[in-house]
Amino acid sequence: MENYQAQPELLKDKLILVTGAGDGIGRAAALDYALHGATVILLGRTVSKLEKLYDEIAASGAPEAIIHPMNLQHAKEEDYRQLGDTLLEQYGRLDGLLHNAATLGPRTPIQFYPLDAWLQVMQVNVNAPFLLTRSLLPALLAAPQASVIFTSSSVGRKGRAYWGGYAVSKFAVEGMMQILADELKQTSAVRVNSIDPGATRTAMRKAAYPAENPLNLPTPESRMALYLFLMGNDSQGVTGQALNA
Ligand code: NDP
């Protein structure tokens, strides 16, 4: 997949929503999607970061982005419903959804893992993608061939000591991906897959591995081939797959 070369206009006329678009991998994906012709809805909690990316996209000459501030920790069911309704009313469809935002939480043995931290991790990493997917499905089904991408992790495919709620949340994400893919494959053209980006130079990686030299890690920008492939029509028919960037 490193060798996949996306056509410059791969995502022309597509409307794509990216969560956690303000930083790290989500920022790189949102920018790359815009540079390949998509109108990108930048969903995130830190408006200043979203505005900076909005300006960068505008300066590049790519289609104007849309900022949608939302804190996935606190958003209510009604907020998701409104987003889905507005999208359908204003644009009539959604071509792509990248579930990227996540929170790391403490890395602590299960025996000592605090309940409040556990619930916070599940809210952002599992409940939010569920609520967002559910509210956006009518718009995704209205697109000719939409793509939904979940973001996993190596610890969401094989458990590892001390990764606690984060790892469990990523297992849940893989399950949600499989179930949704299975539900949609007979009845629609919506494809659903998950990506493990692999160790990548971001704030989350720094928090998880403070002693590591970030310069030894690949940048988010260098991870984008699979993100582009799965979002564009080249991946038509690929569904239910757990893939590595
Ligand atoms: P970052 O921490 O760099 O970026 C995460 C983004 O999600 C930020 O923009 C952040 O917003 C946003 N976010 C976090 N919590 C919320 C919330 N409550 N509401 C809205 N937005 C929120 O992480 P990465 O780029 O490293 O991670 C991206 C994805 O890749 C995650 O799903 C992660 O689990 C996964 N991953 C990353 C790996 C890595 O090595 N980096 C390895 C394996 C998986 P803000 O900017 O405001 O903080």
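## Exercises on packing and empty space

In helix α7, the residues Met 224, Ala 225, Leu 226, Tyr 227, Leu 228, Phe 229, Leu 230 and Met 231 are buried. The model is a predicted one, and the exercises below start from this helix.

### Exercise 1: A helix on the inside

Work out why helix α7 is described as largely enclosed, and find which elements its buried residues pack against.

*Solution.*

Step 1. Begin with the extent of the helix: α7 covers residues 224–231.

Step 2. Look at burial. In α7, 8 of the 8 residues are buried, so the helix is largely enclosed by the rest of the structure.

Step 3. Now look for the neighbours. The buried residues of α7 pack against the helix α1 and against β1, β4 (96–99), β5, β6 (191–196) and β7 (242–244).

### Exercise 2: Two nonpolar cores

Find which residues touch the most other members of the largest nonpolar core, and which element gives the most to this core.

*Solution.*

Step 1. A general idea helps here: in soluble globular proteins, nonpolar side chains tend to be buried together.

Step 2. The largest nonpolar core has 34 residues, and Leu 17, Leu 94, Leu 136 and Val 192 touch the most other members.

Step 3. Two or more residues of this core come from each of β1 (15–19), β2, α3 (77–91), α4, β5 (147–151) and α5. With 10 residues, α4 gives the most.

Step 4. Take a look at Leu 136. Leaving out residues up to four places away in sequence, Leu 136 touches Leu 17, Leu 83, Gly 84, Leu 87, Leu 94 and Leu 97.

Step 5. Apart from the largest core lies another, with 33 residues; Ile 25, Val 40, Leu 42 and Tyr 227 are among them. You have already met Tyr 227 as one of the buried residues of α7.

### Exercise 3: The largest pocket

Describe the largest pocket by its volume, its lining and the classes of its lining residues.

*Solution.*

Step 1. The volume of the largest pocket is about 1,100 Å³.

Step 2. Its lining has 48 residues, and those nearest the centre of the pocket are Asn 100, Ala 101, Ala 102, Thr 103 and Met 204.

Step 3. The elements giving two or more residues to this lining are α1 (24–35), β2 (39–44), α2 (47–60), α4 (115–141), α5 (164–185) and α6 (203–208).

Step 4. Sort the lining of the pocket by class: 22 residues are nonpolar, 19 are polar and 7 are charged.

### Exercise 4: The cavities

How many cavities of 30 Å³ or more does the structure hold, and which residues line the largest and the second largest cavity?

*Solution.*

Step 1. The structure holds 2 such cavities.

Step 2. The largest cavity has a volume of about 50 Å³. Lining this cavity are His 99, Asn 100, Ala 101, Ala 102, Asn 125, Pro 129, Phe 150, Thr 151, Lys 170 and Val 173. Here α4, β5 and α5 are the elements that give two or more residues.

Step 3. The second largest cavity holds about 40 Å³ of space. Around this second cavity are Thr 19, Leu 72, His 99, Asn 100, Ala 101, Val 124, Ala 128, Pro 129 and Leu 132. The largest share of this lining, 4 residues, comes from α4.

Step 4. Compare the classes. The lining of the largest cavity has 5 nonpolar, 4 polar and 1 charged, while that of the second largest has 6 nonpolar, 3 polar and no charged.

### Exercise 5: Two residues up close

Decide whether Thr 151 and Gly 37 are buried or exposed, and describe their surroundings.

*Solution.*

Step 1. Thr 151 is in strand β5. Its relative accessible area is 8%, and buried means under 20%, so Thr 151 is buried.

Step 2. A polar atom of the Thr 151 side chain lies 2.5 Å from the backbone oxygen of His 99. Setting aside neighbours within four places in sequence, Thr 151 is in contact with Leu 98, His 99, Asn 100, Lys 170, Val 173, Ile 195, Pro 197 and Tyr 227.

Step 3. Gly 37 lies in the loop between α1 and β2. With a relative accessibility of 18%, Gly 37 also counts as buried.

Step 4. Gly 37 touches Leu 11, Lys 12, Asp 13 and Pro 63, not counting residues up to four places away in sequence. Between Gly 37 and Ala 62, 25 residues apart in sequence, the C-alpha to C-alpha distance is 6.3 Å.

Technical notes:
Residues numbered from 1 in each chain as written. Predicted model: local features only at pLDDT ≥ 70, side-chain atom pairs only at ≥ 80, totals over all residues. Heavy atoms only, no water. 1 Å grid on protein atoms, 1.4 Å probe; cavity = no way out; pocket = protein on both sides within 12 Å on 5 of 7 lines; lining within 4 Å. Points joined across faces, edges and corners; volume = space filled by probe spheres on them. Nonpolar A, V, L, I, M, F, W, Y, C, P; charged D, E, K, R; others polar. Core = buried A, V, L, I, M, F, W, Y, C linked by side-chain atoms within 4.5 Å. Buried < 20%, exposed > 50% of the residue type's maximum accessible area, 1.4 Å probe, protein only. Contact = heavy atoms within 4.5 Å. Polar contact = N/O pair within 3.5 Å; in protein donor to acceptor, adjacent residues only side chain to side chain.
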